[in-house]
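Thanks for asking me to look this one over. My notes are below as numbered points, so please keep the model open while you read.

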Amino acid sequence: MKKIAVLVSGRGSNMSALHRATKDGRLDAEISLVISNKSKADALDYCKEHGIESKVVKLKDYENRDVYSVAIADEIEKIGADLIVHAGFMLLLTKPYIERFKGKILNIHPALLPSFPGVDAQQQAFDYGVKVSGCSVIFVDEGCDTGPIILQKEVEVKESDTVESLSECILIAEHDTLWRACKLVLEGKTEIVGRKVKIMEQT
Ligand code: GRF
């Protein structure tokens, strides 16, 4: 069984959606470890309720971000993860971590990259007045939301939308896109060619 490590910082709805996909047979893998950089995170409650191993690893307990990144990488290596998913993980990890797992780290972002990277992406898109937004699943590189794009799903911005209603629609799209991207990568159906991700076969 393929092993997934998930990094979170809060609510954990993407993590739980991914967990459901592993349980109902859409994704042939298991979430073997969840790491949170916050000790108070709803994601951790979900892990306890569902018997998923979880750890809190806080940046402030380490000398600097490189040392922190290595500590996280060591935890992930211990379980022999096939895939790492940043699902609402709000910290950028550095080179020692990225290089160790190159091509194995995914991030879910609530906008159609390269538009609106970074925090508050839904608000940024809403304020800009775009008619279409959505979500992106990318391979993580050293930048902030700059890695090669695996999958995107668009969401129409309706006249009646508020940033809250738009965020809800985007979140539904995120939950349906993340497991599909994980499946493609775990099944070896993606190839990174320069900036592009070649998809061998859509799920
Ligand atoms: C999601 O919108 C994700 O795309 C972004 O942060 C949010 C996390 O939500 N990076 P959750 O913790 O998965 O519910």
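1. Let me start with H1 and H6, whose crossing is right-handed. This is a predicted model, so please read each point in that light. The axes of these two helices lie 9 Å apart, and the packing angle is about 50°. That value falls outside the ranges for roughly parallel, perpendicular or antiparallel, so H1 and H6 count as oblique to each other.

2. Which residues make this contact of H1 with H6? From H1 come Ser-13, Asn-14, Ala-17, Leu-18 and Ala-21. From H6 come Leu-171, Glu-174, His-175, Leu-178, Trp-179 and Cys-182. By class, the contact of H1 with H6 holds seven nonpolar residues, three polar ones and one charged.

3. H1 also packs with H2, which spans residues 42-50. Here the axes are 9 Å apart and the angle is about 25°. Angles under 35 degrees count as roughly parallel, and H1 and H2 are therefore described that way. On the H1 side, Met-15, Ser-16, His-19 and Arg-20 take part, and they meet Ala-43, Tyr-46, Cys-47 and His-50 of H2. The residues of this contact divide into four nonpolar, three polar and one charged.

4. Now to the other partner of H6. How do the axes of H5 and H6 cross? H5 covers residues 121-128 and H6 covers residues 163-186; their axes come within 10 Å and cross at roughly 125°. The two helices are therefore oblique to each other, and their crossing is right-handed.

5. The contact of H5 with H6 brings Gln-122, Gln-123 and Phe-126 of H5 to Val-163, Leu-166, Ser-167 and Ile-170 of H6. Sorted by class, it has four nonpolar residues, three polar ones and no charged ones. You may like to colour this contact by residue class on your screen.

6. Next, the largest pocket, which encloses about 690 Å³ of space. Its lining consists of 33 residues, and those nearest the pocket centre are Gly-88, Phe-89, Met-90, Ile-108 and Pro-110. Helix H1 (13-23), strand E5 (105-109), H5 and H6 are the elements that each give two or more residues to this lining.

7. Which element gives the largest share of the lining of the largest pocket? That is E5, with three residues. As for composition, the lining of the largest pocket divides into 15 nonpolar, 12 polar and six charged residues.

8. Finally, two backbone details deserve a look, beginning with the peptide bond from Leu-113 to Pro-114. This bond is cis, with omega near 15°. Pro-114 sits in the loop between E5 and H5.

9. The other detail is Phe-116, also found in the loop between E5 and H5. Phe-116 is not a glycine, yet its phi is positive, at about 55°. I would be glad to hear what you make of this loop when you have it on screen.

Definitions and conventions:
Residues numbered from 1 in each chain as written. Predicted model: local features only at pLDDT ≥ 70, side-chain atom pairs only at ≥ 80, totals over all residues. Heavy atoms only, no water. Axes fitted to C-alpha atoms, helices over the stretch in contact; angles between N-to-C directions. Helix = DSSP H or I, 4+ residues; strand = E, 2+ residues; numbered from the N terminus. Parallel < 35°, antiparallel > 145°, perpendicular 65-115°, else oblique. Left-handed = near helix turned anticlockwise from the far one by under 90°. Contact = heavy atoms within 4.5 Å. Nonpolar A, V, L, I, M, F, W, Y, C, P; charged D, E, K, R; others polar. 1 Å grid on protein atoms, 1.4 Å probe; cavity = no way out; pocket = protein on both sides within 12 Å on 5 of 7 lines; lining within 4 Å. Points joined across faces, edges and corners; volume = space filled by probe spheres on them.
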